[in-house]
Amino acid sequence: MSTRWVQRLRGAIEAATGAQSAAEAEGAWRRVADADTLRVTLVGPWSAGKSSLIKRLLVEDGSPVPPWLSVSASRETYEIREARSAGVTYVDTPGLGSDEQRHDLLALSTVAATDLLVVTVTPQLLGTDVDRLAALADGTAITPYGGGFFPPGALVVVISKADMAGVDPIDDLDGFRAMVDRKRSSVVTALRRHVRGDLPPVIAVVADLGGQHARNPQPNVSAFAEGREWDGVQALRAALSGADAGRLRAAAQVRHWARAAAIAREQATSALAESQDELRRMQADRSRVLVLDEELAAIDASAASRLRDDIRDEMHSVIMQGAVDETEQLAEQMAERLNSCVAAWHAESTGKLVALARRAQVELSPVATDSGGRSLSMPAEQFVTQTAAADGLDARLSEFVAKGLVVADKLQELRLGIRSADVPEHLDQYQSLLDRVHPDAYARTLSLLGIDGVLTNPQYAQELAGLQKHEGVSELIAYLRKPGGIVSPVHAERLKNTAHTLRIAADVAPVLLELLRMQQQERASQDLRDKRAQLQAQADGAATRQAEQILGGGAQGTGWRGQVAELRTALRAGAPDDEAMKLAEQRGAQLATARDDLDTALRELATASVEG
């Protein structure tokens, strides 16, 4: 049965922590398996008398005491040491509970791979000592689920330094024996609460009465003759000599692999937690990249839309508000305004890209290389190159503006019937007349005057005549009847809104010239009205095309869209791709399965016999 368990545990360890871990456990066991003596390991708290007990056993066997086996009040034993004697190898371990975790782990690994274990406790029976003894006896010190890892004969409990319990065996032997019985009963009662089945033998031992021979490196066996009848050493030697070495070695093999499996389970559990944390981090990074990607798309769309609007609005503003008559001067003024507005747009929009890239560096965790991910390691500023739109922008915009400005004034005069230079004057005159109209007649007068042909229509003559009794109405009507100026409130409103409706671009200049020729031939024709609509649509598109040229950055593609594409690539590189996510999920699933297999094996082992 032990072979089956060993094979199962070894396979589970290899699946959970790798072939090297299994090979290391195998190598550690081989050093024990090849031993030609019974291995007896002593374990217990610091200063529990383990070294004194080994020294006494060696003296009783007639074997020399090795130099390392010193006995003093300091914490001497910090490593595993061995002493051979009469077919037995005694193994001394670091004291448990010495605030050194590595000592406890070293001792437990040695405990797992021993044939026979001697657990020493002090006569004071401290709670921690008893708990540690119980954990060894019920197997929970070996694995979390415990088990019968110490079959009969594999575990002996020694109450060491029994002469320090308060009764001197020289002065009161009967009292000493009664005290020993009470101590033994206390240990048995404590074990009974934890261990099912037969309990290990509990022996009270006085290895060196009063520590008389602690400083003697090679005491003679006769030095201990006085207490041989009651010191418990002979009872301990009998328990050790009656051990079935082959049966105990088989149990030790299972115990060793169970301990190795428990360690592998802890490692697999830790690795699984790290893998799950990594997967959650990767998922969080992917979610954050999606959010950042959406924000980048919003920044891109907003910037492109604002650039088109800014170019259009600046062209309209210069055309409507410019006070110069020369086309070249107007073109220079428009180019200057456009250069300024595009530079402001570029600074603001590029700043948003840099801010987003810096956020990504903070929010996205570095992706571990073994999971297939890549990290966002470049500085944020490198994601945002200097705009190529600034190079040669003056020349491009100047040429763009100059081609269309040749017919700007003609277009305005055609659509509005008033030269652009005269528009402010006419609007001022019109507004001053409106201010004089009597409030009682104001609304109705404007309503009537907004009707086409009202000034010549007999139907409205009587009503207009009545309104002219009010102050300011007659002067307003007289002004609107004059040729070459504002002819109606609708006309006046159109003049006010010209800066928001006029479109001008280089590629519509031929259409504008054709429109002028048609106006000279047939001013009021339907064809002319169609051409006006067509011109407006083409002019609207001109601003869009110029913005697209700036956004695209020319043939090199290094403009705004190149910056956005570069940052988008960097953002997406900051989170794992589908393959990395799949590998992480697979790794987590493999670890979970391997950990569960180890867990299942240890649970089943807890209820099984380890003998045979």
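## Starting at Asp115

Let's begin with one close pairing: a polar atom of the Asp115 side chain sits 2.9 Å from the backbone nitrogen of Arg39. Keep in mind that this is a predicted model.

That same side chain also makes a polar contact with the side chain of Arg249, at 2.6 Å. So here Asp115 has a backbone partner in Arg39 and a side-chain partner in Arg249.

## Where Asp115 sits

To find Asp115 in the structure, look for the loop between α4 (101-112) and β4 (116-121). Is Asp115 buried or exposed? Asp115 counts as buried because its relative accessible area is 0%, and the cut-off for buried is under 20%.

Which residues does Asp115 touch, leaving aside its neighbours within four places in sequence? There's a run of Thr37, Leu38 and Arg39, then Ala154, and then Leu248, Arg249, Ala252 and Arg255. Take Arg255: this residue is 140 residues away from Asp115 along the chain, yet their C-alpha atoms are separated by 9.8 Å.

## Spaces inside

Now for the gaps in the model. How many cavities of 30 Å³ or more does the structure hold? There are 2, and the largest cavity has about 60 Å³ of space. It is lined by 10 residues, and the closest to its centre are Ser52, Lys55, Asp208, His213 and Phe224.

What kinds of residue make up that lining? Sorted by class, the lining of the largest cavity has 5 nonpolar residues, 2 polar ones and 3 charged ones.

Notes:
Residues are numbered from 1 along each chain as its sequence is written. This is a predicted model: local features need pLDDT of at least 70, side-chain atom pairs count only at pLDDT 80 or more; totals for chains, interfaces and linings use all residues. Side-chain values use heavy atoms; hydrogens and water are left out. On a 1 Å grid over the protein atoms alone, a cavity is a set of points where a 1.4 Å probe fits but cannot get out, and a pocket is an open set with protein on both sides within 12 Å along at least five of seven lines; lining residues have an atom within 4 Å of a point. Grid points are joined across faces, edges and corners, and a volume is the space filled by probe spheres set on the points. Ala, Val, Leu, Ile, Met, Phe, Trp, Tyr, Cys and Pro count as nonpolar, Asp, Glu, Lys and Arg as charged, and the others, Gly among them, as polar. Helices (H or I, at least four residues) and strands (E, at least two) are DSSP runs, numbered from the N terminus. Buried means under 20% relative accessible area, exposed over 50%, partly exposed in between (1.4 Å probe, protein chains only). Contact means heavy atoms within 4.5 Å. A polar contact is a pair of N or O atoms within 3.5 Å; within protein, one must be able to donate a hydrogen and the other to accept it, and residues adjacent in sequence count only if both atoms are side-chain atoms.
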